[in-house]
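Visitor: I should like to go through this structure and ask, for each description, what justifies it.

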Amino acid sequence: MNMKDKTHKWIDAANILRHNINAKVICPECGIGNLTVKDELIKNWPSKIDRYIICNYCGKYNILTMNKNNDSN
Ligand SMILES: [Zn+2]
């Protein structure tokens, strides 16, 4: 799998999880684990959160910055 495919799969995963935080999404990196979501508040930026999308198997993650009160746009 090349880098571009992986990036695309992370973006797909993020889109699925944005609509359903409990969706089961297979990790783009290892293809074994499921991705889990963890939201972190951003210091000095109260309207935004960092959403960590983390594999529960290999531990790879991506971070998306998104609006706190408007998850579904
Ligand atoms: Zn993984």
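Visitor: What is the mean pLDDT of the protein, and how many of its residues reach 70 or more?

Guide: This is a predicted model. The mean pLDDT of the protein is 89, and 93% of its residues reach 70 or more. Among the elements, helix α1 (residues 3-19) has the lowest mean pLDDT, 90, while β2 has the highest, 95.

Visitor: Why does that confidence matter to a reader of the coordinates?

Guide: Where pLDDT is low, the predicted coordinates should not be read in detail.

Visitor: Which elements does the protein contain, and what pattern do they follow along the sequence?

Guide: The protein has one helix and three strands. Along the sequence the pattern reads α-β-β-β.

Visitor: How do you know that the radius of gyration agrees with a compact globule?

Guide: For 73 residues, a compact globule would have a radius of gyration near 11 Å; the protein has 12 Å, and therefore the value agrees. Along the principal axes, the C-alpha atoms fill a box of roughly 35 × 20 × 20 Å.

Visitor: What makes β1 and β2 a pair of strands?

Guide: Pairing requires at least two bridges between the strands. Seven bridges join β1 (residues 35-41) to β2 (residues 48-55), so the two strands pair, and they run antiparallel. One bridge partnership links aspartate 39 to arginine 51 in β2. The two strands form a hairpin with six residues between them, and asparagine 44 in the turn has a positive phi of about 70°.

Visitor: How do you know that β2 and β3 pair as well?

Guide: The cut-off is again at least two bridges. β2 and β3 are paired over seven bridges in the antiparallel sense, and therefore they meet it. Isoleucine 49 has methionine 66 in β3 as its bridge partner. This hairpin has five residues between its strands, and glycine 59 in the turn has a positive phi of about 85°.

Visitor: In what order do the strands lie in the sheet, and which are the edge strands?

Guide: The sheet is open, with three strands in the order β1-β2-β3 and antiparallel pairing. β1 and β3 (61-67) are the edge strands, as each pairs on one side only. Neighbouring strands of this sheet are turned by 25° against each other on average, direction ignored.

Visitor: Why is leucine 35 called buried?

Guide: A residue is buried if 20 or more other C-beta atoms lie within 10 Å of its own. Leucine 35 has 25 C-beta neighbours inside 10 Å, so it counts as buried. Leucine 35 lies in strand β1. Leaving aside neighbours within four places in sequence, leucine 35 is in contact with Ala13, Leu17, Val25, Cys27, Ile53, Ile54 and Cys55. Its C-alpha atom is separated by 20 Å from that of asparagine 2, which is 33 residues apart along the chain.

Visitor: Which residues make up the largest nonpolar core?

Guide: That core has eight residues in all: Trp10, Ala13, Leu17, Val25, Cys27, Leu35, Ile53 and Cys55. α1 and β2 each supply at least two residues of the core, and the largest share, three residues, comes from α1. In soluble globular proteins, nonpolar side chains tend to be buried together. In the protein as a whole, buried residues make up 12% of the 73 residues.

Visitor: What makes aspartate 12 exposed?

Guide: The limit for an exposed residue is 12 or fewer other C-beta atoms within 10 Å. Aspartate 12 has 12, and therefore it is exposed. Aspartate 12 is placed in helix α1. The C-alpha atoms of aspartate 12 and proline 28 are separated by 9.7 Å, and these residues are 16 residues apart along the chain.

Visitor: Why is lysine 68 called partly exposed?

Guide: Partly exposed residues fall between the limits of 12 or fewer for exposed and 20 or more for buried. Lysine 68 has 13 other C-beta atoms within 10 Å, so it is partly exposed. Lysine 68 is found in the segment after β3. Not counting residues up to four places away in sequence, lysine 68 touches Ser47, Lys48 and Ile49. The C-alpha atoms of lysine 68 and aspartate 39 are separated by 9.4 Å, with the two residues 29 residues apart along the chain.

Terms used. Residues numbered from 1 in each chain as written. Predicted model: local features only at pLDDT ≥ 70, side-chain atom pairs only at ≥ 80, totals over all residues. Helix = DSSP H or I, 4+ residues; strand = E, 2+ residues; numbered from the N terminus. Axes fitted to C-alpha atoms, helices over the stretch in contact; angles between N-to-C directions. pLDDT = per-residue confidence, 0-100. Rg over C-alpha atoms; globule rule 2.2 N^0.38 Å. Contact = placed C-beta atoms within 7 Å. Core = buried A, V, L, I, M, F, W, Y, C linked by C-beta atoms within 7 Å.
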